[in-house]
Amino acid sequence: MPILVTNLGGLVLLALMHTGRGALLLRAIVVQLPHAWRMRHLIYEQMHVVAIGSMPLVLTTSVFVGAVTAVQAVYQMQAYVPMKFLGVMISKSVFIELGPVLTALVVGSRLCANYAAELGTMKVTEQLDAMNIMAIEPVRYLAMPRFVAAVLMIPTITILANGIAIFGGYLASVLTLDVTSSTFIEGLRLFYDPLDVIGGLIKSFIFGGIISLSGIFFGFNTEGGAEGVGRATMTAVVGSCLSILVADYLLAIVLFQIVFGR
Amino acid sequence: MDLVEYTLPPPPDQRVPDPAAFAGIAIEGVSKAFGPKQVLDGTDLLIHKGETLVVIGRSGEGKSVLLKHIVRLLELDEGRIWIEGEEITGLRTRRLMELRKKFGFLFQGAALFDSMTICQNVGLMLSEHSGLSEDQVRARACECLAMVGLENVEDKLPSALSGGMKKRAGLARAIVMEPEYILYDEPTTGLDPITSDAINDLIIKLQKELGVTSIVVTHDMPSAFKIADRMAMLSRGKIQFTGTVEEVRTTDHAMVRQFIEGNARGPLGAF
């Protein structure tokens, strides 16, 4: 038992230390934001990495998320709730929760691993030192463009993922669940609230920040050779996923109970 | 076990009364530990303007650590370092970055940026700091590559180059801003003897043509004898000996003798 408590205490301290150092990294990145326009070519490059590479993953995930949501919703509501509410259930689930969170987890894991592995390799092969010697701050040249690209592109991809998921739900409903097209679309319009979409996008904006910070932080702090890069990548992805889930809960309270609450 | 006891002279005095008035680089009482391992332990060293100083010593004695402290890539635990009279230990980031522009650094593994072409690697510092146009940057990068004997590799990625070519590209990158100081970390390690000699010739050529102050860290003795104006031996965290090439060849300092003769028996030990 004492060992368990000691280990748990150690983990909490480590998490707090990483959070503190992550906050310092965020501050350093924010300080570099005025250079964003001059570094726009690097930002575009990173946006390309985020967007184009993630498309097949987003497309596949979103179609099936929408379809599965439709099947599960029909199963739960068929005896009690009219089918015109199917569209509402799907759209609310996708806009508020499934779209932002699943996109962040799926695209974010890929992106976070990419950032951590690339920057970690640069660290262990002294490329970051070389950059420092050249009087080029790695935070400005490497971290800031990646952060901006993730923060802009994750919400953009989420909008796309929302649309594809709704379409996936529509296809599954119309083709396999005996729901008519007009019933589904009527449901979509019913109780539509733009705040659902806005709330989801605010979430994905913050998730974009978490994903990029995690990848950059663990990449910059990689120690050791190939093993260190592997460890940093794994830690970055796990840290990013856990942080997204915790942040999702906190944002749900802040956005949908306090800010948008009626 | 070696039971012979060696009497070693005290480390040479490498301090000046007023480091702030010293024209080159003054390192005073620098200590650095990594966990329980004390790598540098009150190291003193003077590097005079315009000279080529070669720092020799066994692997793991802290030669590269010393080099990285000069440009504050590592933070020292104790001690102070002056560059042309300016103490760098407490410098703010902006001023430190300005000071670093005076330096070129050739890393042991060249440390070229994987995702950039050789031309982009060499020209990056110019693009960031000089305000030159893209064409001018490319022309200057090509000029530096030609100086180190590399041609028609401008648009290749570092992965397409051999070890020797990477080192030369790294050297071209180090000289692109015409630095006053060039730091070389094991410039010939891992290269065949002919390529090593070509790199040595390049170091001498750059020193003569650009008049730079060079600090070379190596344990390759033929290379050290060829390029050095002065040599310093680092062991047990301190500079144990300094002298000209001739003084190194003729000294009876047990550590230096063991090192240059490559003898497993001696005060440096074998393992």
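In chain B, strand β4 (residues 78–83) and β5(B) pair up in the antiparallel sense, with two bridges between them. Within that pairing, B:I83 sits opposite B:E86 of β5(B). It should be said up front that this is a predicted model. The two strands belong to an open sheet of four, ordered β2-β1-β4-β5 in chain B and paired antiparallel. The edges are taken by β2 (37–47) and β5 (86–87) of chain B; each has a single partner strand, so one side of each goes without a neighbour in the sheet.

Parallel pairing turns up elsewhere in chain B, around strand β8. On one hand, strand β3 (residues 52–56) of chain B pairs with β8(B) in the parallel sense over four bridges. On the other, strand β7 (residues 181–185) of chain B runs parallel to β8(B) and is joined to it by five bridges. B:S214 has a part in both pairings: this β8(B) residue is the bridge partner of B:T52 and also of B:I182. The link between β7(B) and β8(B) goes by way of helix α6 (residues 193–210) of chain B, and these three elements make a right-handed β-α-β unit.

Strand β8 (residues 213–217) of chain B is mostly covered, with five of its five residues buried. In a regular strand, side chains alternate between the two faces of the sheet. In β8(B), B:T213, B:I215 and B:V217 point one way while B:S214 and B:V216 point the other, and all are buried.

Helix α5 (residues 163–175) of chain B is mostly covered too, with 11 of its 13 residues buried. Charged side chains are not left out of that set: B:K166, B:K167, B:R168 and B:R173 are among the buried residues of α5(B), along with others including B:L171 and B:I175. The cover over these buried residues includes β6 (103–106), α3 (118–129), α4 (134–147), β7 and α6 of chain B. End to end, from first C-alpha to last, α5(B) reaches 19 Å, close to the 18 Å expected at 1.5 Å a residue.

Chain A brings in a helix of another kind of setting. Helix α1 (residues 2–32) of chain A has 31 residues and reaches 45 Å between its first and last C-alpha, close to the 45 Å expected. This α1(A) is hardly covered, the count of buried residues being one among its 31.

As for where the chains meet, the contact takes 10 residues from chain A and 15 residues from chain B. On the chain A side, the residues touching chain B divide into five nonpolar, three polar and two charged.

Definitions and conventions. Residues numbered from 1 in each chain as written. Chains lettered and ligands numbered in written order. Predicted model: local features only at pLDDT ≥ 70, side-chain atom pairs only at ≥ 80, totals over all residues. Buried ≥ 20, exposed ≤ 12 C-beta atoms within 10 Å, placed from the backbone. Pairing = 2+ DSSP bridges. Right-handed = clockwise from strand over helix to strand, strands pointing away. Expected span 1.5 Å × (residues − 1). Contact = placed C-beta atoms within 7 Å.
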